[in-house]
Amino acid sequence: MRSLSVGVTTTDDSDMLHISDICDNNSPEIANPLFWFYCPFGIVVLVIRLFIIASFVFFSVVTPPEWRRVSFPVLRWLLGIRVGLNRTKRAIGQEIGRTVVAVNHVSVIDYWVTPEIGHPVVVSGTALRRENRLDPIIFKTMELVSGVRFLPARDARGIAALLERWRLKKEATTLYVPAEMTINNGRGLFRFNPTLLSRGFPVVPMALTITTCLGLVPHPLMSGGLATMLRLLMLPRVRFAVAYLPAQHRAPGEAPQHFADRIQRMIADHLGIPATAFTVEDKRLYRNAKSSGARVS
């Protein structure tokens, strides 16, 4: 396995990080003992919340679609998810039509954060794993209760069709792109993938942080997505802080990867963490090595 220690892409080239620094967690892999004491009560909370989600799915089927944007913040509150924005929803919504929002990826429930702002289309899935059989059910449920649309990351034709409608001014949606293509641990950003950031439209960097309670790790490296999501829904609360930063335009002659790195650095600087050169492929290699018990240099 190749070495996975590289310099971060900050102004201080002497800084060095290992891939484990943005993959592993300082706390236990799942949570501290407080979570296990809470767990029996948390299972009851989870069952109630799954019933609430099912109720909202039924409600969304028998009511007009526009009601989803009104009801979804209520659902999110009932699920214990709290969101703090750096500006008003109205101000943000007026600025993000026909733009790409590049966001860092911090958890499996990131797409619950801002579906009622503007008219979002979310790129779903990651490059780290194939979509499992439950993913379409989860994304369809989210579409029903929030009105947000999902486009799989591998659906190049669907994404191209969306951008063409933007060019023809037939649609004023917003494309949310988890540009790292994988989830970080909050201590550094993976290098942004430039594929959807250099299509001739403004890019709005969105800095996202998540705070859990009871010591729960938002996304353990070796844990599956469904198990992680259920554990988050067990918690009394999960808090997100969202900051929409000034829109950026790719300069004439600027390389796509350079532009993506510039967006990455803006978000990293806002969060006060490194913008690293590690990629989703580095994380895949590191996780495979840990799974097999191999030594990671």
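## A walk through the predicted model

Let us start with the cysteines: the count of disulfides here comes to zero. A disulfide is a covalent bond between the sulfur atoms of two cysteines, and the rule behind the count asks for a pair of cysteine sulfur atoms within 2.5 Å. Two cysteines are worth finding all the same. C23 has a relative accessible area of 4%, so it is buried. C39, at 15% relative accessibility, counts as buried because the cut-off is under 20%.

Before going further, please keep in mind that this is a predicted model. How confident is the predictor? The mean pLDDT of the protein is 86, and 89% of its residues reach 70 or more. Confidence is highest in helix α7, residues 256-271, at a mean of 97, and lowest in strand β1, residues 5-7, at a mean of 44. The pLDDT is below 50 over residues 5-14. That stretch still has 24 contacts in the model beyond near neighbours in sequence, but please read its details with the low pLDDT in mind.

Now turn to the sheet. Seven strands make up an open sheet with mixed pairing, and as you cross it you meet them in the order β3-β9-β8-β4-β7-β5-β6. Why is one side of β3 and of β6 left without a neighbour in the sheet? Strands β3 (81-85) and β6 (149-152) stand at the edges and each has a single partner strand, so one side of each has no neighbour there. From one strand to the next, the twist averages 25°.

For a look inside the sheet, pick out strand β4 (residues 99-103) and strand β7 (residues 174-178). These two pair in the parallel sense, over five bridges. A handy place to see the pair is V103, which stands opposite P178 in β7.

From β7 you can follow the chain towards β8 (203-211), and in the loop between the two you will find S198. Is S198 buried or exposed? Its relative accessibility is 17%, and because buried means under 20%, S198 counts as buried. Which residues does S198 touch, leaving aside its neighbours within four places in sequence? S198 is in contact with R250, P256 and F259.

Two other loops hold residues with an interesting backbone. K169 is found in the loop between α5 (156-167) and β7, and K169 has a positive phi of about 55° although it is not a glycine. With a relative accessible area of 62%, K169 is exposed. L214 lies in the loop between β8 and α6 (225-234). L214 is not a glycine either, yet its phi is positive, at about 60°. This residue, L214, is partly exposed, with a relative accessible area of 22%.

Our last stop is helix α8, residues 280-292. Its 13 residues, at 1.5 Å a residue, should span 18 Å, and the end C-alpha atoms are indeed 18 Å apart, so the two values agree. Which residues of α8 are buried? They are V280, D282, K283, Y286 and A289. What do these buried residues pack against? Their partner is strand β2 (16-18). Just after α8 comes G293, which takes a positive phi of about 80°.

Conventions:
Residues are numbered from 1 along each chain as its sequence is written. This is a predicted model: local features need pLDDT of at least 70, side-chain atom pairs count only at pLDDT 80 or more; totals for chains, interfaces and linings use all residues. Side-chain values use heavy atoms; hydrogens and water are left out. Two strands pair if DSSP finds at least two bridges between them. Helices (H or I, at least four residues) and strands (E, at least two) are DSSP runs, numbered from the N terminus. Axes are lines fitted to C-alpha atoms, for helices over the stretch in contact, and angles run from 0 to 180 degrees between N-to-C directions. Buried means under 20% relative accessible area, exposed over 50%, partly exposed in between (1.4 Å probe, protein chains only). Contact means heavy atoms within 4.5 Å. The expected span of a helix is 1.5 Å times one less than its number of residues. pLDDT is the predictor's confidence in each residue, from 0 to 100.
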